[in-house]
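Reader: I've got a model open and a list of labels I'd like justified. Can you take me through them?

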Amino acid sequence: MKISRKDFIRSSLLFSGALFLPTNKISSFTKFIEEDENLKIIRGNIGIFNGRGGTIGWYSNDDGVVVIDTQFPDYAKQLHQGLLKKNSRNIDILFNTHHHGDHTAGNYYFKDHVKRIVAQENCPKLQKKRNEKPGEEHMQVYANETFKETWSETIGKQKINAYHFGAAHTGGDAVYHFENENVVHMGDIIFNEVYPYVDVDADCTLLGWPKYIDQVINKFDDDTIFIYGHAPTPEKTFGNKEALKKMSDYIIKLHDFASKEYKAGKSKEEFAKSKSVPGVTGRAELWEGALAHNLEASYRFVSEK
Ligand SMILES: [Zn+2]
């Protein structure tokens with residue numbers, strides 16, 4: 001059984017939400033927790049944390065501790081407790097890759113444990129816009145340092161560079177590069193082997209998204225390890241450029257399909273019933289109705305933009 005679209009949206013908006021994993025994968029997810037409190041090193045001093053929501057990245061060394069994205073408060077706390085067992089040092093910086101709730105809701109937990117939250121300048125703006133509903137605002141914690149296109153700082157011996165290559169998955173996406181290990185956190189620019197969340201109301205652009213990926217591919221070498229926002233299993237939340245190329249290819253094919261059918265006069269409702277995107281294989285639904293959501297959102301993108 002997959003989570004419903006309603007629950008997915010809810011998990012993006014609120015702190016309580018559906019488990020962001022297909023339930024048939026929970027056994028491997030649980031194994032991660034048992035083995036290493038869900039903290040898995042991927043290279044050098046850099047690791048990932050797969051709880052619920054977008055993959056968290058972390059860096060832990062004698063001269064610096066950094067966290068990228070926060071999922072939800074309960075999982076943020078679990079991650080922090082795991083990090084403290086490795087290293088008693090305070091967290092130097094928290095980064096947000098973008099504003100979606102399954103990447104920023106845990107900021108609420110970290111507000112008492114880190115002074116600096118860094119994000120692209122549109123990230124807190126979109127986060128505020130999304131959480132205007134009464135009763136939710138008080139649990140939102142926003143980035144207090146922002147940048148427009150690039151940001152760079154050396155923490156101890158680690159140089160960290162941030163980049164924004166225009167609107168893509170949202171209007172405020174950033175990627176973070178750790179030079180020593182040559183690891184880049186991609187946030188939701190990459191949904192590996194699953195259909196992405198296409199948030200037309202948060203400035204997602206199907207034309208900008210592939211261009212963003214192209215710039216990342218050109219910027220980093222073939223030794224780079226990329227952390228992906230979402231994947232069907234924790235083991236698939238990081239890897240090489242192959243997932244980037246496939247993501248770009250998917251967005252282009254989705255856009256072309258919507259564009260063609262819209263121009264041919266097909267209605268949004270009819271288009272959303274399509275059983276596949278022509279030429280696309282190897283993507284699963286992370287939540288029920290993900291393909292229909294992609295079709296509907298892409299139709300909106302070509303017809304409204
Ligand atoms: Zn997202």
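Author: Here is a run through the labels and what backs each of them.

Reader: Before the labels, what kind of model is this, and what is its mean pLDDT?

Author: It's a predicted model. The protein chain has a mean pLDDT of 89, with 87% of its residues at 70 or more.

Reader: What makes residues 9-35 a stretch to treat with care?

Author: Their pLDDT stays under 50, and local features here need at least 70. The model does give that stretch 45 contacts beyond four places in sequence. Still, where pLDDT is low, the predicted coordinates should not be read in detail.

Reader: Why is Cys204 called buried?

Author: The cut-off is 20 or more other C-beta atoms within 10 Å. Cys204 has 24, so it counts as buried. You'll find Cys204 in the loop between β11 (183-185) and α7.

Reader: What does Cys204 touch, beyond residues up to four places away in sequence?

Author: Cys204 touches His169, Thr170, Val198 and Asp199. Its C-alpha also sits 6.4 Å from that of Ala167, although the two are 37 residues apart along the chain.

Reader: How do you know that β8 and β9 pair?

Author: Two strands need at least two bridges to pair. β8 (residues 150-155) and β9 (residues 158-163) have six, so they pair, and they do it in the antiparallel sense. One spot to look at is Glu153, opposite Ile160 in β9. The two strands form a hairpin with two residues between them, and Gly156 in the turn has a positive phi of about 60°.

Reader: What joins β9 to β10?

Author: Four bridges, with β10 covering residues 175-178 and the strands running antiparallel. Tyr163 has Val175 in β10 as its bridge partner.

Reader: What makes β1 and β7 edge strands?

Author: The open sheet has seven strands, in the order β1-β2-β3-β4-β5-β6-β7, with mixed pairing. β1 (39-43) and β7 (145-147) each pair on one side only, and that earns them the edge label. From one strand to the next, the twist averages 25°.

Reader: How do you know that β4 and β5 count as paired?

Author: Same test, at least two bridges. Strand β4 (residues 64-68) and strand β5 (residues 93-95) have three and run parallel, so they pass. There, Val66 stands opposite Ile93. Helix α3 (residues 73-86) lies across β1, β2 (46-49), β3 (56-61) and β4, at about 20° to β3.

Reader: Why is the span of α8 described as close to what is expected?

Author: The expected span is 1.5 Å times one less than the number of residues. For the 22 residues of α8 that gives 32 Å, and the helix reaches 32 Å from its first C-alpha to its last, so the description holds. Just after α8, Gly265 takes a positive phi of about 95°.

Reader: Which residues of α8 are buried, and what covers them?

Author: Among them are Ala243, Leu244, Met247, Ile251 and Leu254. The cover includes α7 (208-219), β12 (225-227), β13 (238-239), α9 (268-271) and α10 (290-304).

Reader: Which residues have the most contacts inside the largest nonpolar core?

Author: Ile190 and Phe226, in a core of 79 residues. Helix α8 (residues 242-263) gives the most to this core, with eight residues. Leaving aside neighbours within four places in sequence, the contacts of Phe226 include Ile190, and also Ala243 and Leu244, both of which are buried in α8.

How values were computed
Residues are numbered from 1 along each chain as its sequence is written. This is a predicted model: local features need pLDDT of at least 70, side-chain atom pairs count only at pLDDT 80 or more; totals for chains, interfaces and linings use all residues. pLDDT is the predictor's confidence in each residue, from 0 to 100. Two residues are in contact if their C-beta atoms, placed from the backbone, lie within 7 Å. A nonpolar core is a set of buried Ala, Val, Leu, Ile, Met, Phe, Trp, Tyr and Cys residues joined through C-beta atoms within 7 Å. A residue is buried if 20 or more other C-beta atoms lie within 10 Å of its own, exposed if 12 or fewer, and partly exposed in between; C-beta atoms are placed from the backbone. Axes are lines fitted to C-alpha atoms, for helices over the stretch in contact, and angles run from 0 to 180 degrees between N-to-C directions.
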